[in-house]
Structures are given as C-alpha cells and as structure tokens.
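User: I am new to this structure and would like a close look at one part of it. Please start from a single residue, then work outward to the parts around which the description can be built.

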Amino acid sequence: MEEDQEAVNLAADWADISQGLRKDLGHQVHSQWIKPIQPGNYCKETGTLDLYLPTEFSSNWVNDRFADRLSLAWKIARPDVRHVRILVHPGRRQLPELRLGSGGRPGSAPANDSAHGTTDPLSAALAGESFTALGQGPASIDASQTFASFVTGTANVLAFNAAQRMAANEKPQFSPLYLKAATGQGKTHLLHAIGHAYLANHPHARIFYCSAERFMVEFVQALRQNQMIEFKARLRGFDLLLVDDIQFIIGKASAQEELLYTIDALLAEGKRLVFAADRAPQALDGVEPRLLSRLSMGLVADIMPADIELRRSILENRLQRFASIDVPADVIEFLARTINRNVRELVGGLNKLIAYAQLTGQQVSLQLAEEQLTDILSANRRRITIDEIQRTVCQFYRIDRTEMSSKRRARAVVRPRQVAMYLAKVLTPRSYPEIGRKFGGRDHSTVIHAVRLIEELRTRDADMDGDVRSLLRQLES
C-alpha cells in the first residue's frame, strides 16, 4: 500500500512538473518530448528517480537537451530526489537488427551480425526503431492501436474507411492518403492500424513507420556518413510508407527533396503511402510546392473533433478493459461533456481516474473525478456564461431575451426559461442562488424546481430531450 501511495504521489508531482514545463517550453516541444515521459522506480535510500521514455532515440534526445531542467524541477518538487535518470522503458519491445539485403531491400539480419560488427552505423541506428524485418511487425507500431479498437462516429468515419481501404488486399483508388486532424483526435492510431492490417493481409510486406522529424534526423545522419545510396535503397524498398506529423518536415530543402523523390518512386511502383498532420497540405509552412502537390494528390481525409456522442462511445469502449471497476453513468456523462478538446485527454482522464481509484481503494464517483482531474477539466472548460445560455435559448425558442427575467407565466415562456436554468446549472459553476439572480432575481428554490423538472422531462419526452441536446451542442461547439 505504501508503494501504491508513492506511485500516486510521483504521478501527481509529475503532472505539476509537466504542466510547468509546457508553459516554459511551449506546447509543441512539450507534446513531442516531455509528455511521453513516465515516472518509474524511485529509490529512497539513494534519492534516485528513473524517468522512462518509449524509445532509445527519444531518451537520448531528452537526456541531451532537458536533463538539467528535469532534474532541477524534480528537486524543487521533492527535495528528497537527488538524482534523476532518463532511461528507455524496460517494457520496450526489442526486435532483431536489420541490414540491407543483396537486392537493395531491407532484410532480416543474422543474429550474430552485430557481434561481428558487420552492421553499418545507419542500419544499427534504424534497427528496432522504424524498420521491419521480413514478415515481422514494425518495431514502432503500437500493438493496441488497431482498427478493432478504433471507435467510429460521424467525425472520423471518412478517415477510418479510407484507412481500411489503404490496408486492404485490393489496390486503393487513391494514394497517398493524407490524414488531417488536430492533436489527440486519432490520426496516429489510424496509422498504426493501417500497419497492422496491411501486415495481416500481406505477411511478407516491408513497412516503414516514422515521424517526419525522425525522417529528417536519419536523412542528415546518412548524409554525414556518406550513406545516401543505402538510405535511398532502404526507403524505396518498402511496400507501405507511414509518416506521422508531416508538419515538422520544415527547413531542410534537401530532406524534402529526398522525400519527394521517394514518394514518386513508390507511387510509380504501385506502393502505398500514408501521411498524417495537424493541418491541410496547403497550410504546411516551409514546405516546397512540389512536395505539397504530391501530399494532396490522393485523398485528404479530415478527422473532426469528436462530438459528445462519440466521446461517450469512446469512454464506454474503454471501460470494457476495466470490467472489475464500477464507473457510474453520471461520471461517464460528466467526462464526455467536460473533456472535449481531444480524445487523448478524454481517455487519459478516464485512465487517471480509474488508476487513482484502484491504487487508493476508493470508489469512482463524480466528486472523485472533479477532485482528481482538476488540471484536465480546467484546460477543457470553455467559460460558458449564463448570458450566453439565455441568448442561445431565446434564439432557439424564438422568444424575446427579456422573457428570461420577466414575471410572465405563459407556458411558451416558462418552459424555455426553465431549460435555460437547467443549462446554467449543467454548464456553469454557478450556485442555485446565483442562477436565480440572473433570471430576474428568482428564489433558489425556483431554480432547483426547474432543474429537476427538465431532468425528468428528458427521460420521458423525446422532444424535450432533443431540444436540450441541440442546445448543448450549440453551446459547447
């Protein structure tokens, strides 16, 4: 129990440290390098804390650039921490190293190659990070991110169907496929899913998966080591190319040119290409027009922000993994309604809540969610005002704004006023007396009656429930 509590404390401290680093370093750098860090083992005797990253590449990168800053932040947060080590997560999958086969295509390296030093430095750098051995899955592809685990809705169905077509046996009608979505909406999940499904349909396929930033790093390394011929041969020997965060391929004209030639070569051979970014091809900064043309010549599929129905479905799907944990329906509704920026935060909030409940032995409740998810909820909460609610309700029911405060008791006026009171309670942190004052100085008991009445009507009157849902979508959009 003491170890569990220590893990909770470490997680809480890391949440505060991470939030501070996000403000200092900016969202982009934080999301790319700091956010993936996970607190690991902590030795009280030596004061040594281990921080884990998913790959050796990211571990080295963070160690080189942010080790001092991370160490200082932890020492301030916890004076008993004297040493911070940045390591590769011990659970990371290790795959055999790869070498360039005689045909100029990636092949499986014999187990003793590295022992005899026959693997060239670039192959060693790429092995186990981005490339696949013949007939094996990609090292960097997440085994949990498949089409089966991807929850669909109106916001993402086009991208989902297009991704499935790209992985099917039949030749796709479009290539490349370009997935456009804001951070945390599921584009990377679909990239991994395409890789899984394509390999299932083509067991001997060779797949290349990486971020655009990683592509540039490997390109520069090959350039410095005079290994461009090998680099080009490797890239053009793959059957499926998956490149994430293409918006980061900026600045290096030579790297962009190489990617352009690679796209042309793979398309000429009927190979499949998928790119993902947080903006449309035409909105990419610092990318030359010829490359923009290639990126947009196939299908550009948008993944829109998840609406509340999709957010509910995602949470319910996720709960199937925690069959032993009872999460009340009002908690699911609360999370779906309040964590609306992106799916990653939504799932992360649920995971954090369940982990806390398991580690502390508490029951999952609405109060626990509000207490433990303060940072996530604050970041997602759009400040909806009672004035905004009144204005929207009046427009919806076509009544004058003054009716919100008037003493008229006609049904055509009373019901919209009660709906507005209900929405004010659901969407704002205002108390019953505060809401009453905004509605012509009405007593708090009047507001309580209105809230309970609308809640009851929603359960037995489909029209009323439809009106409220429509108003909620308008106010939350």
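Analyst: **From one loop residue to the sheets**

Asn226 is exposed, because its relative accessible area of 70% is over the 50% cut-off for that word. The model is a predicted one. Asn226 sits in the loop that runs between helix α7 (212-224) and helix α8 (228-235). Its phi is near 55°, which is a positive value in a residue that is not glycine. Most residues other than glycine have a negative phi, and most peptide bonds are trans.

Arg398 has a similar description. Its phi is also near 55°, again positive in a residue other than glycine. Arg398 is exposed, with a relative accessible area of 77%, and it lies in the loop between α16 and α17 (411-427).

A third backbone detail concerns a peptide bond. The bond from Ser175 to Pro176 is cis, with omega near 5°. Pro176 belongs to the loop between α5 (157-167) and β6.

That loop leads to the sheet that contains β6. Its 5 strands form an open sheet with parallel pairing, in the order β7-β8-β9-β6-β10. The edges are taken by β7 (207-211) and β10 (299-303); each has a single partner strand, so one side of each has no neighbour in the sheet. On average, neighbouring strands of this sheet are turned by 15° against each other, with direction ignored.

Within this sheet, β9 has β8 on one side in the order and β6 on the other. Strand β6 (residues 177-181) is joined to β9 (residues 272-277) by 4 bridges, and the two run parallel. In that pairing, Tyr178 has Phe275 of β9 as its bridge partner, and Leu179 stands opposite Ala276 in β9. There are also 4 bridges between β8 and β9, which run parallel. Here Val243 has Phe275 of β9 as its bridge partner. Phe275 is thus named as a partner of Tyr178 and of Val243.

How much of β9 is buried? The strand is mostly covered, with 6 of its 6 residues buried. In a regular strand the side chains alternate between the two faces of the sheet. For β9, one side holds Arg272, Val274 and Ala276, the other holds Leu273, Phe275 and Ala277, and all of these are buried, so that both faces are covered.

Two helices on this sheet can be described next. Helix α6 (residues 187-201) lies across β6, β7, β8 (240-244), β9 and β10, and runs at about 165° to β8. Helix α9 (residues 253-268) packs on the sheet and touches β8 and β9, with its direction at about 140° to that of β9.

The structure also has an open sheet of 3 strands, in the order β1-β2-β3, with mixed pairing. Strands β1 (38-43) and β3 (83-88) are at the edges, each with a single partner strand, so one side of each is left without a neighbour in the sheet. Neighbouring strands here are turned by 25° against each other on average, direction ignored. β1 and β2 (residues 48-53) run antiparallel and are joined by 4 bridges. One pair of facing residues is given by Pro39, which stands opposite Leu51 in β2. Helix α3 (residues 56-77) packs on this sheet, touching β2 and β3, and its direction makes about 160° with that of β3.

The last part returns to the helix before the loop of Arg398. Helix α16 (residues 386-397) packs against helix α20 (residues 462-476) at an angle of about 130°, and their axes are 11 Å apart. The two helices are therefore oblique to each other. The crossing of α16 past α20 is right-handed. On the α16 side the contact is made by Glu388, Ile389, Thr392, Val393, Phe396 and Tyr397, and on the α20 side by Met464, Asp467, Ser470, Leu471, Gln474 and Leu475. By type, the residues of this contact divide into 7 nonpolar, 3 polar and 2 charged.

How values were computed. Residues are numbered from 1 along each chain as its sequence is written. This is a predicted model: local features need pLDDT of at least 70, side-chain atom pairs count only at pLDDT 80 or more; totals for chains, interfaces and linings use all residues. Side-chain values use heavy atoms; hydrogens and water are left out. Two strands pair if DSSP finds at least two bridges between them. Axes are lines fitted to C-alpha atoms, for helices over the stretch in contact, and angles run from 0 to 180 degrees between N-to-C directions. Contact means heavy atoms within 4.5 Å. Angles under 35 degrees count as roughly parallel, over 145 as roughly antiparallel, 65 to 115 as roughly perpendicular and the rest as oblique. A crossing is left-handed if the near helix is turned anticlockwise from the far one by less than a right angle, and right-handed if clockwise. Ala, Val, Leu, Ile, Met, Phe, Trp, Tyr, Cys and Pro count as nonpolar, Asp, Glu, Lys and Arg as charged, and the others, Gly among them, as polar. Buried means under 20% relative accessible area, exposed over 50%, partly exposed in between (1.4 Å probe, protein chains only).
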